[in-house]
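These are my notebook entries on one protein structure. I record what I looked up, entry by entry.

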Amino acid sequence: MKLKSFLDKYKIDSFSLNTLIFFTIINSGNVFSYIFQFSLARFTSIENFGLYNSVSSILMYFSAIVSTLPYFVTKTLSYKNGKIIIWNYFFLIFMIINLLIIIFHFFILDFLGFKDEGYFFYIYSIINLSTLLSFLTGFLQYNKNYNKFSIVISLQMFFRFIVLLVFFYFLKNIEVHHALLSNLIPLFIILIITIYFSYKFLPNDFGLIFL
């Protein structure tokens, strides 16, 4: 009887149902993130795992900035001319982030002892794609597409794990490059999905960004 009342409540209260779906999808992403870390520790050497985590620590500093962008976009779009000025902010933030990357480029390589500057390419690409992705998810959040917003975030973690499994299946020996590609490749996939989800909410000149 209590179970039936509980189910009836969520059938009637769509807001509660959406909240439950949002919470479930978001936390499934956290689960896949944990599984990714656990699997990587098993698939690679201790040295490679430590080096990958060193790279990830750099990405975490930038992700702290990038993760706030959806809320920034939502706030900006609520203004009268928000849809016009949002892209000015977009390019400004992109310039600032890339300026920081250039400034700390050699510092990062020396501090972490990277022998291969190729790692920097992955860092650069992941940060820039994550910035673009965060801006686009901001449009989903502004238009109250919370379920799609949560799906985008969770799928990134899921695909990251899947790509890692594919590399391990074919190569057996996971290097740092493969682990970083497991982060980079899903970003392209998720970016396409996010554009599909949010395209109708974007300005007509959105395509100019990719020219």
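Which residues form one aromatic cluster? I looked this up first and noted Trp87, Phe90, Phe91, Phe94, Phe135 and Phe139 as its members. I must state at once that the model is predicted.

Entry on confidence. I looked up the pLDDT of the protein chain and found a mean of 79. I also noted that 78% of the residues reach 70 or more. Confidence is lowest in helix α1 (residues 2-12), where the mean is 51, and highest in helix α9 (residues 176-198), where the mean is 90. Over residues 207-211, pLDDT stays under 50. For that stretch I recorded five contacts beyond four places in sequence in the model.

Entry on the overall build. I counted nine helices and zero strands in the protein chain. Read from the N terminus, the order of elements is therefore α-α-α-α-α-α-α-α-α, by the DSSP runs that define helices and strands. I then looked up burial and found that 41% of the 211 residues are buried. The protein chain exposes about 12,700 Å², and carbon and sulfur atoms supply 70% of that area. Among contacts with a separation of 6 or more, 76% join residues 24 or more positions apart.

Entry on Thr131. I located Thr131 in helix α7 (residues 118-142). Is Thr131 buried or exposed? Its relative accessible area is 1%, and because the limit for buried is under 20%, I entered Thr131 as buried. I then listed its contacts, leaving aside neighbours within four places in sequence, and found Val66, Leu69, Phe94 and Ile97. One of these, Phe94, also belongs to the aromatic cluster of my opening entry.

Entry on Ile93. I found Ile93 in helix α5 (residues 82-103). Ile93 has a relative accessible area of 16%, so I entered this residue as buried. Not counting residues up to four places away in sequence, Ile93 touches Leu69, Phe72 and Phe135. I also looked up the C-alpha atoms of Ile93 and Leu69, which are separated by 9.5 Å. Along the chain, Ile93 and Leu69 are 24 residues apart.

Entry on aromatic pairs. I noted that the structure holds 15 aromatic pairs. One of the pairs I examined joins Phe32 and Phe158, whose ring centres are 5.0 Å apart. Why is this pair edge-to-face? The planes of the two rings stand at 75°, and an angle over 60 degrees counts as edge-to-face, so I gave the pair that label. The pair links distant parts of the chain, with Phe32 in helix α2 (residues 14-43) and Phe158 in helix α8 (residues 146-171), 126 residues apart. Phe32 is partly exposed at a relative accessible area of 23%, and Phe158 is partly exposed at 29%.

I then looked up the rings of Phe32 and Phe161, which have their centres 6.3 Å apart and their planes at 35°, so I recorded this pair as tilted. Here too distant parts of the chain are linked, since Phe32 lies in helix α2 and Phe161 in helix α8, 129 residues apart. Phe161 is buried, with a relative accessible area of 13%.

Entry on charges over rings. I found Arg160 over the face of Phe36, at 4.1 Å from the ring centre. I found Lys172 over the face of Tyr169, at 5.3 Å from the ring centre.

Definitions and conventions: Residues numbered from 1 in each chain as written. Predicted model: local features only at pLDDT ≥ 70, side-chain atom pairs only at ≥ 80, totals over all residues. Heavy atoms only, no water. Helix = DSSP H or I, 4+ residues; strand = E, 2+ residues; numbered from the N terminus. Buried < 20%, exposed > 50% of the residue type's maximum accessible area, 1.4 Å probe, protein only. Contact = heavy atoms within 4.5 Å. Areas by Shrake-Rupley, 256 points an atom, 1.4 Å probe, with all protein chains shown as cover. Phe/Tyr/Trp six-rings, centres within 6.5 Å; stacked < 30°, edge-to-face > 60°. Lys NZ or Arg CZ within 6 Å of the ring centre and 35° of its normal. pLDDT = per-residue confidence, 0-100.
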